[in-house]
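Here are my notes on the model, set out as numbered points. Please read them alongside the coordinates.

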Amino acid sequence: MSQEIHSFQAETQQLLNLMIHSLYSNKEIFLRELISNASDALDKVRFEEITKTTLLTSKLEAGIRLSVKADERKLIIEDTGIGMTRDELIANLGTIASSGTKKFLEKLSESDKKDAQLIGQFGVGFYSAFMVAEKITVETRPASGGDAWLWESQGNGTYALNSSTREERGTRIELLIKEDEKEFLEEWRLKGIVRKYSDYVTYPVLWKDKEDKEERLNKSTPVWARQKKDNTPEDYKELYKQLSNDWQEPLMWEHIHAEGLMPFQAVAFVPSAVPFDLYQRDSHGLHLYVRRVSITDKCKELIPEYLRFVSGVVETDELPLNVSREILQQNNKLPAIRKQIVKKILSSLQNLAKNETEKYNSFYAQFGAVLKEGFHFDHDNHEALAELARFRSTKTGPDGWVSLKEYWERKADAQKEIYFLSGPSFEAVSASPHLESLTSRGIEVLFLTDPIDEWFVMDYPKFGEAALKSVAKGQLDLDGVGTEPRKSENEEQASPEQLAPLLEVFRRKCSDALKDVKISNRLVDSPCCLVADEHGLSAHMERLMKATNKEFAGNKRILEVNPSHPIILSLVKKAQNNSADTALEEWVEVLYDTALLAEGSPVRNPGVFAKKLTKMLEMQKV
Ligand code: ADP
């Protein structure tokens with residue numbers, strides 16, 4: 001058959017150019033990438049062997065073989081894996097399919113700089129071999145028994161396809177090493193790279209010398225199956241890199257050897273920075289092996305969604321090898337494994353929080369919002385999660401954190417509830433009028449500013465004996481709590497009888513938006529604020545609901561007025577004289593709108609509000 005010439009997909013060529021011309025100093029990773037591909041190919045064929053009987057068998061022991069023909073400048077990596085059909089060759093080595101690589105290219109065009117770091121961040125796989133090779137030849141025969149093919153490219157826009165006479169199943173990759181990269185033909189150099197990066201590989205990585213004698217380079221047991229004491233931190237870090245595609249080191253890991261009814265081995269990692277796919281819900285899971293056979297690299301049943309930042313590997317002999325993905329979902333053994341892994345991770349996070357507070361806080365700043373989903377989905381671990389939760393508050397400032405336990409330990413005298421205020425951001429809630437009376441009594445208020453917090457307080461209404469209480473809802477009973485409150489500037493206070501006519505004006509003018517108007521005990525400096533019913537939705541929750549459902553009408557709320565505020569006092573007098581006064585009515589409407597603004601809600605009619613406000617300002621002398 002005659003030779004066919006194909007062009008690379010545009011992005012592939014873009015990536016290749018980057019590789020070839022990159023100043024990336026860590027070129028040796030190409031070998032890790034090729035070995036990792038070979039290991040995947042061996043995984044796949046091992047999995048197929050369980051279910052299909054018509055596969056080509058291999059004469060050789062399953063493994064990855066390295067050899068060198070130094071005088072021809074050739075490095076050869078050969079596997080007995082699944083191989084590729086012609087279509088697969090074109091799809092896999094002519095285009096970029098892996099989402100990691102696409103992400104890599106997007107990142108590059110965003111920052112528009114050839115940041116060498118990024119190449120390592122996303123395992124860019126096969127193409128990295130062009131950093132050291134001037135020509136690559138891939139000879140492959142699919143295990144299904146189809147024809148063998150030869151793929152050849154110099155990385156300059158095109159590749160050639162030829163039929164091949166290869167009989168063995170699997171793939172042989174031959175690199176013609178560049179003149180100035182000849183170190184990658186040196187035996188000691190290559191062996192060193194394999195030991196450094198590929199010790200985790202579950203198949204033998206074999207060095208074939210000139211006499212075809214084979215020497216195994218990697219350890220025969222994978223990291224997770226070894227005793228903890230036989231692993232170095234580097235072993236774990238390297239495993240993490242393979243599993244996660246993260247170029248940064250993990251924050252921590254847990255190595256579990258479980259015995260008893262459901263024996264398994266696992267290594268679970270917590271990353272130090274948010275992975276790019278954290279919010280893509282179906283991308284999480286742990287790599288599951290059964291008796292050294294890779295079953296799936298994203299087994300969701302092994303880790304709950306609220307710990308979706310955790311990556312890792314689990315191996316067990318307790319499942320049948322031919323377990324399908326559907327069966328995995330119904331399998332009752334996986335939840336038992338998951339339970340233990342979750343327990344281990346939560347307890348080591350607790351230790352981190354105790355012993356390395358700063359490290360924990362930086363973890364929490366990134367993953368706290370995700371972790372809090374656990375309050376909804378994992379009732380059994382509520383207490384562990386409550387120990388891990390952190391909040392900003394009236395006392396922490398924008399950068400500090402407080403736990404529920406610390407909050408309770410430093411509560412004010414006679415305080416019986418844990419006070420919180422929810423809202424869109426630290427800035428928005430910290431300026432809220434709802435806090436005035438509490439802060440003036442020295443009572444700490446937690447700020448709940450993650451969208452998930454609204455669910456958190458519903459799922460976790462009590463910490464020990466202390467109920468979580470919104471300061472923007474229902475009645476606040478602060479008598480005798482905390483220190484003597486700071487009074488407003490004005491010593492004078494209107495009595496309920498004096499206030500009655502003014503409250504009537506509020507009710508008349510705002511009846512379509514308000515449920516009621518009441519005298520407040522939570523205000524010091526502001527004339528009024530809006531509060532929800534004890535069991536109503538908070539303003540923040542209403543905004544979240546409205547954002548997803550335009551039809552959502554919301555609940556009417558209660559306006560509270562401050563009986564000692566100077567504006568209220570002068571309006572009280574006005575209302576006693578003539579409650580139908582139009583100036584008075586305008587004041588009432590403007591006050592209501594400012595209460596909306598103060599809680600971060602939009603005013604009813606911004607144009608009308610601005611006009612009224614301007615008119616009032618005009619009456620003041622500047
Ligand atoms: P990735 O490994 O991230 O998918 P690569 O560019 O390294 O990206 O490889 C692309 C694809 O080519 C692989 O997903 C795999 O399907 C195929 N491939 C690469 N090397 C081999 C191999 N040795 N045997 C079989 N298939 C391979």
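1. The crossing of helix 20 and helix 21 is left-handed, a label given when the near helix is turned anticlockwise from the far one by less than a right angle. The contact (heavy atoms within 4.5 Å) draws on Glu-586, Trp-587, Glu-589, Val-590, Asp-593, Thr-594 and Leu-597 of helix 20, and on Phe-609, Lys-612, Leu-613, Lys-615 and Met-616 of helix 21. By class, 6 nonpolar, 1 polar and 5 charged residues take part.

2. Helix 20 spans residues 582–598 and helix 21 residues 606–619, and their axes come within 10 Å and cross at roughly 120°; axes are lines fitted to C-alpha atoms over the stretch in contact, with angles running from 0 to 180 degrees between N-to-C directions.

3. The model is predicted, so that local features need pLDDT of at least 70 and side-chain atom pairs count only at pLDDT 80 or more, while totals for chains, interfaces and linings use all residues. Residues are numbered from 1 along each chain as its sequence is written, and side-chain values use heavy atoms, leaving out hydrogens and water.

4. The chain has 21 helices and 23 strands, taken as DSSP runs (H or I, at least four residues; E, at least two).

5. Whereas a compact globule of 622 residues would have a radius of gyration near 25 Å, the chain has 33 Å (over C-alpha atoms; the rule is 2.2 Å times the number of residues to the power 0.38). The C-alpha atoms fill a box of roughly 110 × 55 × 40 Å along the principal axes.

6. Buried residues (under 20% relative accessible area, 1.4 Å probe, protein chains only) make up 52% of the 622 residues.

Definitions and conventions: Ala, Val, Leu, Ile, Met, Phe, Trp, Tyr, Cys and Pro count as nonpolar, Asp, Glu, Lys and Arg as charged, and the others, Gly among them, as polar. Buried means under 20% relative accessible area, exposed over 50%, partly exposed in between (1.4 Å probe, protein chains only).
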